[in-house]
Amino acid sequence: MTQELTTSAATPDSTELLRAVRGMHDILPIHSARWQWLEHQTQLLLHAYGYQEIRTPLVEMTALFCRSIGNVTDIVAKEMYQFSDRGGDDLSLRPEGTASCVRAAIEHGLFNQPQRLWYMGPMFRRERPQRGRFRQFHQIGVETFGLSGPDIDLEILLFTKRLWEVLQLPNLQLEINSLGDPADRVHYRTALVNYLQQHYDSLDEDSQQRLITNPLRILDSKNPALAPIIAAAPSVLEYLGDEARAHFNTLCRGLERAGVTYTINPRLVRGLDYYNRTVFEWITTELGAQGTVCAGGRYDGLVEQLGGRSTPAVGFALGVERLLELLDPAFIENHAPDVYFVAVGEQAPIEALLIADRLRRELPHLRLLNHCGGGSFKSQFKKADKSGAQWALILGDDELTKGVIGMKTLRGEAQQLQIPVAELTAQLDQLLRARVSTI
Ligand code: ATP
Ligand code: MG
(Lines give C-alpha, C1' and ligand atoms only; values in the text may rest on other atoms or scores of the structure.)
(Ligands and ions follow the chains in the order given, each with its own letter.)
Protein backbone atom coordinates (compact mmCIF):
# COMPACT_ATOMS: atom_id res chain seq x y z
CA MET A 1 0.00 0.00 0.00
CA THR A 2 2.79 2.41 0.90
CA GLN A 3 4.37 1.69 -2.46
CA GLU A 4 1.14 2.60 -4.29
CA LEU A 5 0.64 5.76 -2.31
CA THR A 6 4.10 6.92 -3.27
CA THR A 7 3.52 6.20 -6.95
CA SER A 8 0.15 7.91 -7.16
CA ALA A 9 1.39 10.90 -5.19
CA ALA A 10 4.17 11.54 -7.69
CA THR A 11 3.50 14.59 -9.83
CA PRO A 12 2.40 13.41 -13.27
CA ASP A 13 4.10 14.72 -16.36
CA SER A 14 2.17 17.89 -17.19
CA THR A 15 1.48 16.73 -20.76
CA GLU A 16 0.08 13.39 -19.62
CA LEU A 17 -3.71 13.10 -19.91
CA LEU A 18 -5.19 12.52 -16.47
CA ARG A 19 -7.82 9.82 -16.35
CA ALA A 20 -10.26 8.46 -13.79
CA VAL A 21 -8.82 5.82 -11.47
CA ARG A 22 -9.14 2.30 -12.89
CA GLY A 23 -12.42 0.70 -11.91
CA MET A 24 -13.99 4.06 -10.96
CA HIS A 25 -16.41 5.70 -13.35
CA ASP A 26 -17.90 9.05 -14.19
CA ILE A 27 -21.67 9.08 -14.46
CA LEU A 28 -22.26 11.29 -17.47
CA PRO A 29 -25.32 13.46 -18.12
CA ILE A 30 -26.76 10.97 -20.62
CA HIS A 31 -26.79 8.33 -17.87
CA SER A 32 -27.66 10.34 -14.79
CA ALA A 33 -31.40 10.34 -15.53
CA ARG A 34 -31.39 6.52 -15.20
CA TRP A 35 -29.60 6.78 -11.86
CA GLN A 36 -31.97 9.40 -10.55
CA TRP A 37 -35.01 7.43 -11.67
CA LEU A 38 -33.84 4.28 -9.91
CA GLU A 39 -32.84 6.16 -6.77
CA HIS A 40 -36.11 8.06 -6.69
CA GLN A 41 -38.31 4.98 -7.16
CA THR A 42 -36.39 3.14 -4.46
CA GLN A 43 -36.64 6.04 -2.03
CA LEU A 44 -40.39 6.36 -2.56
CA LEU A 45 -40.83 2.70 -1.80
CA LEU A 46 -38.54 2.78 1.24
CA HIS A 47 -40.59 5.60 2.68
CA ALA A 48 -43.78 3.70 1.92
CA TYR A 49 -42.43 0.92 4.20
CA GLY A 50 -41.43 3.38 6.93
CA TYR A 51 -37.65 3.26 6.47
CA GLN A 52 -35.57 6.34 7.26
CA GLU A 53 -32.35 7.48 5.66
CA ILE A 54 -28.99 7.53 7.45
CA ARG A 55 -25.89 9.12 5.90
CA THR A 56 -22.49 8.19 7.26
CA PRO A 57 -18.97 9.27 6.23
CA LEU A 58 -17.20 7.56 3.32
CA VAL A 59 -14.09 7.20 5.48
CA GLU A 60 -13.97 5.26 8.75
CA MET A 61 -11.31 3.98 11.11
CA THR A 62 -9.88 0.80 9.56
CA ALA A 63 -10.49 -1.01 12.85
CA LEU A 64 -14.26 -0.74 12.30
CA PHE A 65 -14.10 -2.96 9.23
CA CYS A 66 -11.55 -5.35 10.75
CA ARG A 67 -13.84 -5.89 13.72
CA SER A 68 -17.08 -6.17 11.76
CA ILE A 69 -16.34 -7.75 8.41
CA GLY A 70 -13.47 -9.83 9.83
CA ASN A 71 -9.73 -9.80 9.20
CA VAL A 72 -9.74 -12.97 7.16
CA THR A 73 -12.36 -11.93 4.61
CA ASP A 74 -11.21 -10.96 1.11
CA ILE A 75 -12.57 -7.48 1.65
CA VAL A 76 -10.42 -6.67 4.65
CA ALA A 77 -7.40 -8.79 3.71
CA LYS A 78 -7.09 -7.73 0.06
CA GLU A 79 -9.58 -5.16 -1.15
CA MET A 80 -9.69 -2.16 1.17
CA TYR A 81 -8.44 1.28 0.24
CA GLN A 82 -6.52 1.71 3.44
CA PHE A 83 -4.22 4.62 4.26
CA SER A 84 -2.75 6.65 7.09
CA ASP A 85 -3.81 10.25 7.02
CA ARG A 86 -1.42 13.08 7.79
CA GLY A 87 -2.10 12.71 11.50
CA GLY A 88 -1.20 9.02 11.36
CA ASP A 89 -4.74 7.64 11.78
CA ASP A 90 -5.34 4.29 10.10
CA LEU A 91 -8.36 4.98 7.87
CA SER A 92 -10.20 3.16 5.08
CA LEU A 93 -12.70 4.06 2.41
CA ARG A 94 -15.84 2.15 3.32
CA PRO A 95 -16.19 -1.14 1.40
CA GLU A 96 -19.82 -1.59 2.52
CA GLY A 97 -22.41 0.22 4.61
CA THR A 98 -23.46 -2.08 7.43
CA ALA A 99 -20.48 -1.50 9.72
CA SER A 100 -20.89 2.28 9.48
CA CYS A 101 -24.62 2.07 10.25
CA VAL A 102 -23.96 -0.02 13.35
CA ARG A 103 -21.15 2.28 14.46
CA ALA A 104 -23.33 5.37 14.01
CA ALA A 105 -26.31 3.78 15.76
CA ILE A 106 -24.17 2.83 18.78
CA GLU A 107 -22.49 6.24 18.86
CA HIS A 108 -25.82 8.12 18.77
CA GLY A 109 -27.86 5.77 20.96
CA LEU A 110 -30.33 4.70 18.27
CA PHE A 111 -30.77 1.23 19.72
CA ASN A 112 -33.28 2.19 22.41
CA GLN A 113 -36.05 1.41 19.91
CA PRO A 114 -36.41 -0.62 16.72
CA GLN A 115 -34.90 1.09 13.70
CA ARG A 116 -35.54 0.70 9.99
CA LEU A 117 -32.71 2.50 8.21
CA TRP A 118 -31.62 2.91 4.62
CA TYR A 119 -28.60 4.45 2.92
CA MET A 120 -27.24 4.87 -0.54
CA GLY A 121 -23.87 5.83 -1.90
CA PRO A 122 -20.48 4.76 -3.18
CA MET A 123 -18.50 1.83 -1.74
CA PHE A 124 -14.85 1.05 -2.50
CA ARG A 125 -13.18 -2.30 -3.02
CA ARG A 126 -9.95 -2.88 -4.87
CA GLU A 127 -11.15 -5.88 -6.83
CA ARG A 128 -10.25 -6.85 -10.40
CA PRO A 129 -12.48 -4.60 -12.52
CA GLN A 130 -14.76 -6.43 -14.95
CA ARG A 131 -18.37 -6.36 -16.07
CA GLY A 132 -20.54 -5.62 -13.02
CA ARG A 133 -17.50 -5.34 -10.74
CA PHE A 134 -15.89 -2.00 -10.07
CA ARG A 135 -13.59 -0.40 -7.53
CA GLN A 136 -16.02 2.39 -6.77
CA PHE A 137 -19.57 1.08 -7.01
CA HIS A 138 -22.87 2.09 -5.48
CA GLN A 139 -25.16 0.35 -3.08
CA ILE A 140 -28.58 1.05 -1.70
CA GLY A 141 -28.84 -0.72 1.61
CA VAL A 142 -31.33 -1.36 4.36
CA GLU A 143 -30.55 -2.22 7.98
CA THR A 144 -33.16 -2.98 10.62
CA PHE A 145 -32.31 -3.19 14.30
CA GLY A 146 -34.09 -4.48 17.38
CA LEU A 147 -36.38 -6.94 15.61
CA SER A 148 -35.66 -10.62 16.12
CA GLY A 149 -38.64 -12.45 14.61
CA PRO A 150 -38.97 -13.88 11.12
CA ASP A 151 -41.62 -11.25 10.33
CA ILE A 152 -39.00 -8.57 9.70
CA ASP A 153 -36.96 -10.98 7.54
CA LEU A 154 -40.13 -11.48 5.52
CA GLU A 155 -40.84 -7.75 5.37
CA ILE A 156 -37.51 -6.92 3.80
CA LEU A 157 -37.86 -9.76 1.30
CA LEU A 158 -41.34 -8.51 0.37
CA PHE A 159 -39.88 -5.02 0.04
CA THR A 160 -37.23 -6.23 -2.41
CA LYS A 161 -39.81 -8.22 -4.36
CA ARG A 162 -42.01 -5.10 -4.61
CA LEU A 163 -39.00 -3.04 -5.70
CA TRP A 164 -38.38 -5.37 -8.64
CA GLU A 165 -42.01 -4.83 -9.66
CA VAL A 166 -41.63 -1.06 -9.52
CA LEU A 167 -38.38 -1.24 -11.49
CA GLN A 168 -40.02 -3.68 -13.94
CA LEU A 169 -37.47 -6.44 -13.39
CA PRO A 170 -39.48 -9.65 -13.52
CA ASN A 171 -36.62 -12.13 -13.95
CA LEU A 172 -34.82 -12.05 -10.62
CA GLN A 173 -34.64 -15.24 -8.61
CA LEU A 174 -34.55 -15.47 -4.85
CA GLU A 175 -32.22 -17.91 -3.10
CA ILE A 176 -32.39 -18.28 0.66
CA ASN A 177 -30.64 -20.27 3.32
CA SER A 178 -30.20 -20.36 7.07
CA LEU A 179 -26.78 -20.41 8.72
CA GLY A 180 -28.30 -21.27 12.08
CA ASP A 181 -27.30 -19.83 15.43
CA PRO A 182 -23.65 -19.57 16.54
CA ALA A 183 -23.70 -22.94 18.35
CA ASP A 184 -25.22 -24.65 15.28
CA ARG A 185 -22.51 -23.12 13.17
CA VAL A 186 -19.76 -24.52 15.35
CA HIS A 187 -21.13 -28.06 14.84
CA TYR A 188 -21.55 -27.47 11.15
CA ARG A 189 -18.10 -26.01 10.80
CA THR A 190 -16.56 -29.12 12.35
CA ALA A 191 -18.51 -31.40 10.01
CA LEU A 192 -17.57 -29.29 7.00
CA VAL A 193 -13.88 -29.19 7.89
CA ASN A 194 -13.83 -32.99 8.37
CA TYR A 195 -15.41 -33.44 4.98
CA LEU A 196 -13.18 -30.95 3.16
CA GLN A 197 -10.05 -32.39 4.75
CA GLN A 198 -10.78 -35.63 2.93
CA HIS A 199 -10.55 -33.63 -0.33
CA TYR A 200 -7.64 -31.47 0.74
CA ASP A 201 -5.44 -32.23 -2.28
CA SER A 202 -8.19 -31.28 -4.73
CA LEU A 203 -8.79 -27.87 -3.14
CA ASP A 204 -7.20 -24.79 -4.67
CA GLU A 205 -4.68 -22.79 -2.68
CA ASP A 206 -7.27 -20.21 -1.61
CA SER A 207 -9.57 -22.88 -0.25
CA GLN A 208 -6.76 -24.73 1.52
CA GLN A 209 -6.03 -21.45 3.28
CA ARG A 210 -9.69 -20.90 4.11
CA LEU A 211 -9.98 -24.38 5.57
CA ILE A 212 -8.11 -22.91 8.53
CA THR A 213 -9.36 -19.32 8.53
CA ASN A 214 -12.92 -19.39 7.21
CA PRO A 215 -14.10 -22.81 5.99
CA LEU A 216 -17.72 -21.77 5.26
CA ARG A 217 -16.43 -19.37 2.64
CA ILE A 218 -15.15 -22.34 0.59
CA LEU A 219 -18.80 -23.00 -0.28
CA ASP A 220 -18.83 -19.55 -1.91
CA SER A 221 -15.83 -20.36 -4.15
CA LYS A 222 -16.26 -19.35 -7.77
CA ASN A 223 -13.71 -21.94 -8.97
CA PRO A 224 -15.64 -24.40 -11.19
CA ALA A 225 -13.14 -27.18 -10.41
CA LEU A 226 -14.42 -27.22 -6.83
CA ALA A 227 -18.10 -27.41 -7.77
CA PRO A 228 -18.47 -31.22 -7.39
CA ILE A 229 -16.76 -31.19 -3.98
CA ILE A 230 -18.95 -28.32 -2.80
CA ALA A 231 -22.11 -29.94 -4.15
CA ALA A 232 -21.46 -33.06 -2.06
CA ALA A 233 -20.54 -31.18 1.13
CA PRO A 234 -22.72 -31.55 4.23
CA SER A 235 -25.68 -29.16 4.29
CA VAL A 236 -25.87 -26.49 6.98
CA LEU A 237 -29.63 -27.04 7.15
CA GLU A 238 -29.06 -30.41 8.78
CA TYR A 239 -27.30 -28.68 11.66
CA LEU A 240 -29.94 -26.08 12.54
CA GLY A 241 -31.10 -26.03 16.15
CA ASP A 242 -34.84 -25.94 16.94
CA GLU A 243 -35.09 -22.16 17.19
CA ALA A 244 -33.20 -21.40 14.00
CA ARG A 245 -35.20 -24.08 12.19
CA ALA A 246 -38.53 -22.65 13.39
CA HIS A 247 -37.43 -19.14 12.35
CA PHE A 248 -36.48 -20.39 8.89
CA ASN A 249 -39.69 -22.39 8.46
CA THR A 250 -41.86 -19.41 9.38
CA LEU A 251 -40.01 -17.29 6.85
CA CYS A 252 -40.44 -19.91 4.13
CA ARG A 253 -44.18 -20.28 4.87
CA GLY A 254 -44.54 -16.47 4.79
CA LEU A 255 -42.89 -16.28 1.39
CA GLU A 256 -45.24 -18.96 0.11
CA ARG A 257 -48.30 -17.14 1.46
CA ALA A 258 -47.10 -13.97 -0.23
CA GLY A 259 -46.65 -15.84 -3.52
CA VAL A 260 -42.88 -15.24 -3.66
CA THR A 261 -41.06 -18.00 -5.51
CA TYR A 262 -37.74 -18.97 -3.90
CA THR A 263 -35.10 -21.66 -3.93
CA ILE A 264 -33.41 -22.95 -0.81
CA ASN A 265 -29.69 -23.06 -1.51
CA PRO A 266 -27.85 -24.76 1.38
CA ARG A 267 -24.48 -23.62 -0.09
CA LEU A 268 -25.37 -19.94 0.15
CA VAL A 269 -23.09 -18.51 2.85
CA ARG A 270 -22.42 -14.88 1.80
CA GLY A 271 -19.01 -13.26 1.68
CA LEU A 272 -19.06 -11.49 5.03
CA ASP A 273 -18.50 -13.17 8.35
CA TYR A 274 -21.21 -11.67 10.47
CA TYR A 275 -24.34 -13.44 9.28
CA ASN A 276 -26.50 -15.86 11.28
CA ARG A 277 -29.85 -17.50 10.50
CA THR A 278 -31.39 -16.02 7.33
CA VAL A 279 -29.19 -15.23 4.34
CA PHE A 280 -30.47 -14.49 0.86
CA GLU A 281 -29.53 -13.32 -2.62
CA TRP A 282 -31.52 -12.09 -5.59
CA ILE A 283 -29.88 -13.39 -8.73
CA THR A 284 -30.15 -12.87 -12.46
CA THR A 285 -28.77 -14.93 -15.32
CA GLU A 286 -28.56 -11.83 -17.52
CA LEU A 287 -25.31 -10.34 -16.21
CA GLY A 288 -22.78 -13.14 -16.75
CA ALA A 289 -20.66 -14.05 -13.76
CA GLN A 290 -21.75 -11.06 -11.65
CA GLY A 291 -25.33 -12.26 -11.26
CA THR A 292 -26.10 -11.22 -7.67
CA VAL A 293 -27.95 -7.90 -7.64
CA CYS A 294 -29.01 -7.87 -4.00
CA ALA A 295 -27.76 -9.74 -0.97
CA GLY A 296 -28.32 -9.74 2.73
CA GLY A 297 -29.39 -11.52 5.83
CA ARG A 298 -29.53 -11.54 9.59
CA TYR A 299 -26.55 -10.49 11.72
CA ASP A 300 -27.71 -10.62 15.33
CA GLY A 301 -24.18 -10.69 16.79
CA LEU A 302 -22.65 -7.66 15.10
CA VAL A 303 -23.88 -4.84 17.30
CA GLU A 304 -22.44 -6.50 20.40
CA GLN A 305 -19.25 -7.36 18.51
CA LEU A 306 -18.81 -3.63 17.84
CA GLY A 307 -19.35 -2.67 21.47
CA GLY A 308 -23.11 -2.04 21.59
CA ARG A 309 -25.67 -3.93 23.61
CA SER A 310 -26.90 -7.15 22.01
CA THR A 311 -29.39 -6.13 19.29
CA PRO A 312 -30.89 -8.32 16.59
CA ALA A 313 -30.40 -7.02 13.07
CA VAL A 314 -31.26 -7.87 9.51
CA GLY A 315 -30.52 -6.04 6.27
CA PHE A 316 -29.39 -6.17 2.68
CA ALA A 317 -27.53 -4.17 0.06
CA LEU A 318 -28.24 -3.98 -3.63
CA GLY A 319 -25.73 -3.18 -6.35
CA VAL A 320 -26.97 -0.13 -8.23
CA GLU A 321 -24.75 -0.58 -11.32
CA ARG A 322 -25.90 -4.18 -11.75
CA LEU A 323 -29.57 -3.21 -11.47
CA LEU A 324 -29.11 -0.33 -13.90
CA GLU A 325 -27.72 -2.71 -16.45
CA LEU A 326 -30.94 -4.71 -16.25
CA LEU A 327 -33.32 -1.76 -16.58
CA ASP A 328 -35.34 -1.38 -19.73
CA PRO A 329 -34.29 2.00 -21.19
CA ALA A 330 -37.92 2.66 -22.20
CA PHE A 331 -38.87 3.12 -18.56
CA ILE A 332 -36.39 5.86 -17.96
CA GLU A 333 -37.71 9.38 -17.98
CA ASN A 334 -35.26 11.65 -19.72
CA HIS A 335 -34.44 15.16 -18.77
CA ALA A 336 -35.16 16.80 -22.12
CA PRO A 337 -36.75 20.20 -21.63
CA ASP A 338 -40.40 20.79 -22.46
CA VAL A 339 -39.67 24.17 -23.92
CA TYR A 340 -36.70 25.81 -25.62
CA PHE A 341 -36.81 29.59 -25.53
CA VAL A 342 -35.49 31.20 -28.75
CA ALA A 343 -34.67 34.90 -28.39
CA VAL A 344 -33.23 37.08 -31.15
CA GLY A 345 -32.46 40.79 -31.09
CA GLU A 346 -31.05 43.48 -28.86
CA GLN A 347 -33.53 43.31 -25.95
CA ALA A 348 -35.12 39.89 -26.43
CA PRO A 349 -32.49 37.63 -24.76
CA ILE A 350 -32.72 39.43 -21.40
CA GLU A 351 -36.54 39.80 -21.65
CA ALA A 352 -36.76 36.06 -22.40
CA LEU A 353 -34.78 35.20 -19.26
CA LEU A 354 -37.14 37.27 -17.13
CA ILE A 355 -40.25 35.74 -18.70
CA ALA A 356 -38.73 32.27 -18.30
CA ASP A 357 -38.09 32.81 -14.61
CA ARG A 358 -41.68 33.90 -14.05
CA LEU A 359 -42.94 30.84 -15.94
CA ARG A 360 -40.82 28.50 -13.85
CA ARG A 361 -42.15 30.09 -10.69
CA GLU A 362 -45.74 29.71 -11.84
CA LEU A 363 -45.33 26.21 -13.32
CA PRO A 364 -43.05 24.23 -11.02
CA HIS A 365 -43.08 21.19 -13.33
CA LEU A 366 -42.05 23.14 -16.40
CA ARG A 367 -38.64 22.30 -17.82
CA LEU A 368 -37.52 25.30 -19.77
CA LEU A 369 -34.16 25.81 -21.44
CA ASN A 370 -33.21 29.36 -22.39
CA HIS A 371 -31.09 29.86 -25.44
CA CYS A 372 -28.09 31.83 -24.36
CA GLY A 373 -25.29 33.08 -26.57
CA GLY A 374 -27.13 34.85 -29.40
CA GLY A 375 -27.27 33.79 -33.06
CA SER A 376 -29.86 33.83 -35.83
CA PHE A 377 -33.36 32.31 -35.63
CA LYS A 378 -32.12 29.49 -37.84
CA SER A 379 -29.17 28.54 -35.66
CA GLN A 380 -31.24 28.84 -32.48
CA PHE A 381 -33.96 26.58 -33.90
CA LYS A 382 -31.33 23.98 -34.75
CA LYS A 383 -30.27 23.95 -31.10
CA ALA A 384 -33.90 23.88 -29.99
CA ASP A 385 -34.49 20.80 -32.10
CA LYS A 386 -31.36 19.07 -30.82
CA SER A 387 -32.32 19.75 -27.19
CA GLY A 388 -35.19 17.26 -27.45
CA ALA A 389 -37.73 19.91 -26.36
CA GLN A 390 -41.35 19.56 -27.42
CA TRP A 391 -42.03 23.22 -28.05
CA ALA A 392 -40.19 26.41 -28.86
CA LEU A 393 -41.08 29.78 -27.43
CA ILE A 394 -39.98 32.61 -29.67
CA LEU A 395 -39.20 36.20 -28.82
CA GLY A 396 -37.93 38.64 -31.48
CA ASP A 397 -38.30 42.37 -32.07
CA ASP A 398 -41.67 41.80 -33.73
CA GLU A 399 -43.10 39.87 -30.74
CA LEU A 400 -41.63 42.40 -28.31
CA THR A 401 -43.43 45.27 -30.00
CA LYS A 402 -46.72 43.39 -30.07
CA GLY A 403 -46.47 42.08 -26.48
CA VAL A 404 -46.78 38.46 -27.59
CA ILE A 405 -44.65 35.31 -27.55
CA GLY A 406 -44.43 32.94 -30.49
CA MET A 407 -45.04 29.26 -29.77
CA LYS A 408 -44.36 26.38 -32.12
CA THR A 409 -44.20 22.62 -31.77
CA LEU A 410 -40.80 21.13 -32.55
CA ARG A 411 -42.21 17.64 -33.09
CA GLY A 412 -44.55 17.81 -36.09
CA GLU A 413 -46.20 20.23 -38.40
CA ALA A 414 -48.23 23.03 -36.90
CA GLN A 415 -48.47 26.75 -37.37
CA GLN A 416 -46.64 29.11 -35.13
CA LEU A 417 -49.06 30.71 -32.66
CA GLN A 418 -48.79 34.16 -31.18
CA ILE A 419 -49.78 34.21 -27.55
CA PRO A 420 -50.26 37.34 -25.45
CA VAL A 421 -47.66 37.30 -22.67
CA ALA A 422 -50.41 37.33 -20.04
CA GLU A 423 -51.89 34.09 -21.40
CA LEU A 424 -48.64 32.20 -21.68
CA THR A 425 -48.81 30.49 -18.31
CA ALA A 426 -52.30 29.11 -18.94
CA GLN A 427 -51.32 27.85 -22.40
CA LEU A 428 -48.20 26.08 -21.17
CA ASP A 429 -50.09 24.66 -18.25
CA GLN A 430 -52.47 22.94 -20.67
CA LEU A 431 -49.64 21.55 -22.75
CA LEU A 432 -47.90 20.23 -19.63
CA ARG A 433 -51.06 18.50 -18.45
CA ALA A 434 -51.23 16.70 -21.79
CA ARG A 435 -47.59 15.69 -21.38
CA VAL A 436 -48.05 14.35 -17.87
CA SER A 437 -51.01 12.22 -18.90
CA THR A 438 -49.04 10.58 -21.75
CA ILE A 439 -46.07 9.49 -19.60
P1 ATP B 1 -19.94 -10.70 -5.14
O2 ATP B 1 -20.16 -12.11 -4.74
O3 ATP B 1 -20.56 -10.34 -6.47
O4 ATP B 1 -18.53 -10.24 -5.00
P5 ATP B 1 -20.42 -9.64 -2.53
O6 ATP B 1 -20.88 -10.83 -1.77
O7 ATP B 1 -19.03 -9.18 -2.39
O8 ATP B 1 -20.77 -9.83 -4.10
P9 ATP B 1 -21.97 -7.74 -1.00
O10 ATP B 1 -20.81 -7.29 -0.19
O11 ATP B 1 -23.01 -8.55 -0.37
O12 ATP B 1 -21.43 -8.44 -2.32
O13 ATP B 1 -22.64 -6.48 -1.71
C14 ATP B 1 -24.02 -6.45 -2.09
C15 ATP B 1 -24.17 -6.19 -3.56
O16 ATP B 1 -23.34 -5.11 -3.98
C17 ATP B 1 -23.74 -7.34 -4.45
O18 ATP B 1 -24.76 -8.28 -4.56
C19 ATP B 1 -23.51 -6.64 -5.77
O20 ATP B 1 -24.74 -6.41 -6.44
C21 ATP B 1 -22.93 -5.33 -5.32
N22 ATP B 1 -21.45 -5.35 -5.42
C23 ATP B 1 -20.58 -5.90 -4.55
N24 ATP B 1 -19.31 -5.70 -4.95
C25 ATP B 1 -19.39 -4.98 -6.11
C26 ATP B 1 -18.42 -4.44 -7.02
N27 ATP B 1 -17.11 -4.57 -6.80
N28 ATP B 1 -18.87 -3.78 -8.11
C29 ATP B 1 -20.19 -3.62 -8.33
N30 ATP B 1 -21.15 -4.10 -7.52
C31 ATP B 1 -20.77 -4.77 -6.42
MG1 MG C 1 -17.30 -9.57 -3.45
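Two strands pair if DSSP finds at least two bridges between them. The exercises below apply this criterion to a predicted model.

**Exercise 1.** Determine which residue of β4 stands opposite E60, and in which sense β2 and β4 pair.

*Solution.* Step 1: strand β4 comprises residues 90-93, and β2 joins it over 3 bridges, which satisfies the criterion of at least two bridges. Step 2: the sense of this pairing is antiparallel. Step 3: the residue of β4 opposite E60 is S92.

**Exercise 2.** Place these strands in their sheet and identify the edge strands.

*Solution.* Step 1: the sheet is open, has 3 strands and follows the order β2-β4-β3, with antiparallel pairing. Step 2: β2 (59-61) and β3 (82-84) are the edge strands, since each pairs on one side only. Step 3: from one strand to the next, the twist averages 35°.

**Exercise 3.** Describe the sheet of 8 strands, and explain why β1 and β8 each have one side without a neighbour.

*Solution.* Step 1: this open sheet runs in the order β1-β5-β6-β11-β10-β9-β7-β8, and its pairing is mixed. Step 2: β1 (52-53) and β8 (262-264) are at the edges with a single partner strand each, so one side of each is left without a neighbour in the sheet. Step 3: within the sheet, β10 (residues 292-298) and β11 (residues 313-319) form an antiparallel pair over 5 bridges. In this pair, G296 stands opposite F316 of β11. Step 4: helix α10 (residues 242-257) packs on the sheet and touches β7 (173-178), β8, β9 (276-283) and β10. The direction of α10 makes about 160° with that of β7.

**Exercise 4.** Characterise the surroundings of ligand 1: how many residues surround the ligand, and which strand supplies the largest share of the shell?

*Solution.* Step 1: ligand 1 is surrounded by 16 residues, of which the closest are R125, E127, R133, R270 and T292. Step 2: the shell divides into 6 nonpolar, 4 polar and 6 charged residues. Step 3: β6 (136-145), β10 and β11 each contribute at least two residues to the shell; the largest share, 4 residues, comes from β10.

**Exercise 5.** Identify polar atoms of E127, R133 and F134 that lie by ligand 1, and state what percentage of the ligand's accessible area the protein covers.

*Solution.* Step 1: a polar side-chain atom of E127 is 2.6 Å from a nitrogen atom of ligand 1. Step 2: an N or O atom in the side chain of R133 lies 2.8 Å from an oxygen atom of the ligand. Step 3: for F134, a backbone N or O atom lies 2.9 Å from a nitrogen atom of ligand 1. Step 4: on its own, ligand 1 has 590 Å² of accessible area, and the protein covers 92% of it.

Conventions. Residues numbered from 1 in each chain as written. Chains lettered and ligands numbered in written order. Predicted model: local features only at pLDDT ≥ 70, side-chain atom pairs only at ≥ 80, totals over all residues. Heavy atoms only, no water. Contact = heavy atoms within 4.5 Å. Axes fitted to C-alpha atoms, helices over the stretch in contact; angles between N-to-C directions. Near = heavy atom within 4 Å. Polar contact = N/O pair within 3.5 Å; in protein donor to acceptor, adjacent residues only side chain to side chain. Areas by Shrake-Rupley, 256 points an atom, 1.4 Å probe, with all protein chains shown as cover. Nonpolar A, V, L, I, M, F, W, Y, C, P; charged D, E, K, R; others polar.
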